[in-house]
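Reader: I'm new to reading protein models. Could you walk me through this one, a question at a time?

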Amino acid sequence: MPSPRYWREIPSRYRLEATRCGDCGRVSHPPRGVCPACRGTDVQALELSHEGRVVTYTIVHVPPGDFLMEAPYVLAVVETPEGARMMIQVVDCDPASVEIGMPVALEFRLIRKEGKGGILCYGHKAVPAYPRGEEEEAELESREMEVAHA
Ligand SMILES: [Zn+2]
């Protein structure tokens, strides 16, 4: 897990910025000056974790023009632990392996090239985040025991 300092030092475009409503708690991504749920204006900036879970997804068979995507690809709604939801492409896996509830990591990647001049656009993509194996869990548990007995 990178330190808070690490996240502060990366440029804002790499971060996942959001806002949280002080009135109803709704988290919005991208950030909004006015809460879309209650129209409250008491909103605070919030940085999202680079992880989440697939809430729902669709497999796209015909991609739009400039996208550097090989069809079919997966477009998912991912929810972060803060409660923000975003539409994001899921990469580095077989589209058939994507399922609701699947944990993903949100990584900064090249998204598309615009026109022949080739303006490169970057943004976030989701990649599968495999849960820890049972062996690793057991090892972590025994380590915690050692600490408890130290
Ligand atoms: Zn609100």
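Author: Sure, let's start at Ile 100, which counts as exposed because its relative accessibility is 60% (buried means under 20% relative accessible area, exposed over 50%, partly exposed in between, with a 1.4 Å probe and protein chains only). A quick note on the source: this is a predicted model, where local features need pLDDT of at least 70, side-chain atom pairs count only at pLDDT 80 or more, and totals for chains, interfaces and linings use all residues. Residues are numbered from 1 along each chain as its sequence is written, and side-chain values use heavy atoms, with hydrogens and water left out.

Reader: Where does Ile 100 lie?

Author: Strands here are DSSP runs of E, at least two residues long, and helices are runs of H or I, at least four, both numbered from the N terminus. Ile 100 is found in the loop between strand S6 (85-90) and strand S7 (103-114).

Reader: Which atoms coordinate the zinc ion?

Author: Donors are N, O and S atoms within 2.8 Å of the metal (3.2 Å for Na, K and Ca), and since water is not among the atoms, sites may look incomplete. The distances for the zinc ion run from 2.2 to 2.3 Å, and the donors are the SG atoms of Cys 21, Cys 24, Cys 35 and Cys 38.

Reader: How many residues apart in sequence are the parts that Cys 21 and Cys 38 tie together?

Author: The donor residues of the zinc ion follow the spacing C-x2-C-x10-C-x2-C. Cys 21 sits in strand S1 (residues 17-21) and Cys 38 in the loop between strand S2 (27-28) and strand S3 (43-47), so the parts this pair ties together are apart in sequence by 17 residues.

Reader: Is Cys 21 buried or exposed?

Author: Its partner Cys 38 is partly exposed, at a relative accessible area of 37%. For Cys 21 the relative accessible area is 4%, so Cys 21 is buried.

Reader: And what is the C-alpha to C-alpha distance between Gly 52 and Met 102?

Author: Gly 52 belongs to strand S4 (residues 51-60), and it counts as buried because its relative accessibility is 9%. Leaving aside neighbours within four places in sequence, its contacts (heavy atoms within 4.5 Å) include Val 78, Thr 80 and Met 102. Gly 52 and Met 102 are 50 residues apart in sequence, yet their C-alpha atoms are separated in space by 8.4 Å.

Reader: What pattern does the protein follow along the sequence?

Author: The protein has two helices and eight strands. Read along the sequence, their pattern is α-β-β-β-β-β-β-β-β-α.
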